[in-house]
Amino acid sequence: RAGLSSSYAEKGWVADDIHSESASRTLDYAYDDYAAYVLASALGKPSNVTTFLYERSMKAPFTLFNSDTGFMEARNEDGSWAGEDAGWTEGDKWAYSFDVVHDVPGLIAKRGGNESFVKSLDEHFDGGHNDHTNEPSHHIPYLYALAGAAYKTQLRVREIAKANYNNTPNGLSGNEDCGQMSAWYIFSAMGFYPVNPVSGEYVVGSPFFDKIKLTLPPSSTSSTSKTLTISALGAPTKPFIKSLTINGRVIDQPIIRHEDIAGGGEIVFEMSEKVERWGNGDMFLVEDDSVLFEDVEDGWVHVKTQDAEGKPVTRNSGVEHMEL
């Protein structure tokens with residue numbers, strides 16, 4: 001783990017003029033610190049251990065944030081910036097600038113708040129910077145939902161699935177890498193994804209099928225298998241979520257807790273052909289030239305917006321509707 005016990009321990013970043021892949025390592029080490037903190041806390045380790053791991057995990061990622069550019073950037077031993085293309089592994093500044101999955105609120109704040117953050121996500125996708133063939137980008141479409149724009153997650157997830165998965169010899173767009181390419185699709189098809197795996201939470205996306213049933217293996221407290229049923233009537237042609245319940249309990253935020261589904265039960269999505277208020281902040285629904293609602297026609301998602309005078313305008317979103 002190059003640089004972990006030297007520059008990272010001393011300064012908070014892996015030095016690019018000493019170690020390769022420095023920026024990616026810095027962000028990875030920060031998440032490792034957070035995962036170790038969660039485990040240490042669960043094991044009842046002393047506070048000097050847990051506090052050290054937590055504080056370093058929260059501080060280290062932002063030592064790379066260049067406020068002049070709004071992107072993460074590698075740093076040299078003396079603290080100088082190493083250049084926007086230096087220090088990355090299987091990605092670039094676009095992918096890794098969204099790679100603080102254990103502190104998304106902190107990342108949103110660094111990039112100017114929810115509205116600015118969502119615009120930066122739009123720039124990432126619309127500018128062709130998202131590379132689903134490698135893992136550093138896999139969580140990015142789900143970040144919209146954590147910034148109050150759940151409908152954009154719902155659209156982007158389906159767009160990515162359509163473009164990167166099919167039943168041909170080249171059906172996976174990237175290297176399977178221990179199953180991650182397939183795991184992304186399976187989680188996304190169910191309607192949720194572990195953006196921060198050690199948190200015990202999943203971020204809601206958009207389920208692909210009318211119904212999925214999972215048989216969960218016996219646990220340490222039960223010798224019998226459990227069934228988790230995910231119902232989303234109309235999902236193949238209705239990408240948007242109107243409501244969500246888990247075992248009859250209303251969920252009004254785009255978060256599913258692992259503890260609520262680990263023992264089986266029923267997740268029920270109410271799907272819609274148009275953008276609903278569920279998971280979406282007012283700023284993304286009512287501002288000028290914003291999406292009022294969206295519907296599916298002729299296999300494409302069409303967006304209905306307002307022009308400068310408040311008159312309705314329909315435009316093609318460029319997102320192909322996925323038939324499953």
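Start by selecting glutamine 180: setting aside neighbours within four places in sequence, this residue is in contact with Glu135, His138 and Tyr193. Keep in mind as you click around that you are looking at a predicted model.

**Stop 1: around glutamine 180**

Glutamine 180 sits in helix H9. Is its side buried or partly exposed? At 21% relative accessibility, glutamine 180 counts as partly exposed, because buried means under 20%. Now add asparagine 134 to your selection and draw a distance between the two C-alpha atoms. They are 46 residues apart along the chain, yet the separation comes out at 9.2 Å.

**Stop 2: zoom out**

Before going on, take in the whole protein chain. Colour by secondary structure and you should find 10 helices and 13 strands. The chain has 324 residues, and 48% of them count as buried. Among contacts with a separation of 6 or more, 56% are between residues 24 or more positions apart.

**Stop 3: H9 against H8**

Go back to H9, select residues 180–190, and add helix H8, residues 150–164. Two packed helices are described by the angle between their axes and the distance between the axes. Here the angle is about 135° and the axes are 11 Å apart. That angle makes H8 oblique to H9. To see the contact, show side chains for Val157, Ile160 and Ala161 on H8, and for Trp184, Tyr185 and Ser188 on H9. H8 passes H9 in a left-handed crossing.

Now stay with H8 alone. How far apart are its end C-alpha atoms? They are 21 Å apart, which agrees with the 21 Å that 15 residues should span at 1.5 Å a residue. Turn on a surface for everything else and H8 should be hard to see: 12 of its 15 residues are buried, so the helix is largely enclosed by the rest of the structure. The buried set is a mixed bag, and includes Lys152, Arg156 and Arg158 as well as Leu155, Val157 and Ile160.

**Stop 4: H6 and its surroundings**

Next, select residues 114–126, which make up helix H6. This helix has 13 residues and reaches 18 Å from first C-alpha to last, close to the 18 Å expected. Which residues of H6 are buried? Show Phe117, Val118, Ser120, Leu121, Asp122, His124 and Phe125. An α-helix has 3.6 residues a turn, so residues three or four places apart point the same way. To see what the buried residues of H6 pack against, display H4 (93–96), H5 (104–110), H7 (143–146) and H8, which you have already visited. Then step just past the end of H6 to glycine 128, where phi is positive, at about 75°.

**Stop 5: the H2 and H3 pair**

Move to residues 22–42 (H2) and 47–59 (H3). The axes of H2 and H3 are 8 Å apart, at an angle of about 155°. That makes H2 roughly antiparallel to H3. Their crossing is left-handed. For a look at the interface, show side chains on both helices: on the H2 side, the residues include Tyr34 and Tyr37, and on the H3 side they include Leu53, Tyr54 and Met58.

H3 has 13 residues and an end-to-end C-alpha reach of 18 Å, close to the 18 Å expected at 1.5 Å a residue. Its buried residues are Thr50, Leu53, Arg56, Ser57 and Met58. What covers them includes H2 and also helix H1 (7–11), so add H1 to the view.

**Stop 6: two loop residues**

Select glycine 79, in the loop between strand S2 (71–72) and H4. Glycine 79 is buried, with a relative accessible area of 14%. Draw a C-alpha to C-alpha distance to leucine 64, and you should get 9.7 Å across 15 residues of sequence.

Finish at glutamate 276, in the loop between strand S10 (265–272) and strand S11 (293–297). Is glutamate 276 buried or exposed? At 12% relative accessibility, glutamate 276 counts as buried. Where does its side chain make a polar contact? Show serine 272: the two side chains are joined by a polar contact of 2.7 Å. Beyond four places in sequence, glutamate 276 also touches Ile241, Lys242 and Leu285, so display those three last.

How values were computed: Residues numbered from 1 in each chain as written. Predicted model: local features only at pLDDT ≥ 70, side-chain atom pairs only at ≥ 80, totals over all residues. Heavy atoms only, no water. Helix = DSSP H or I, 4+ residues; strand = E, 2+ residues; numbered from the N terminus. Buried < 20%, exposed > 50% of the residue type's maximum accessible area, 1.4 Å probe, protein only. Polar contact = N/O pair within 3.5 Å; in protein donor to acceptor, adjacent residues only side chain to side chain. Contact = heavy atoms within 4.5 Å. Expected span 1.5 Å × (residues − 1). Axes fitted to C-alpha atoms, helices over the stretch in contact; angles between N-to-C directions. Parallel < 35°, antiparallel > 145°, perpendicular 65-115°, else oblique. Left-handed = near helix turned anticlockwise from the far one by under 90°.
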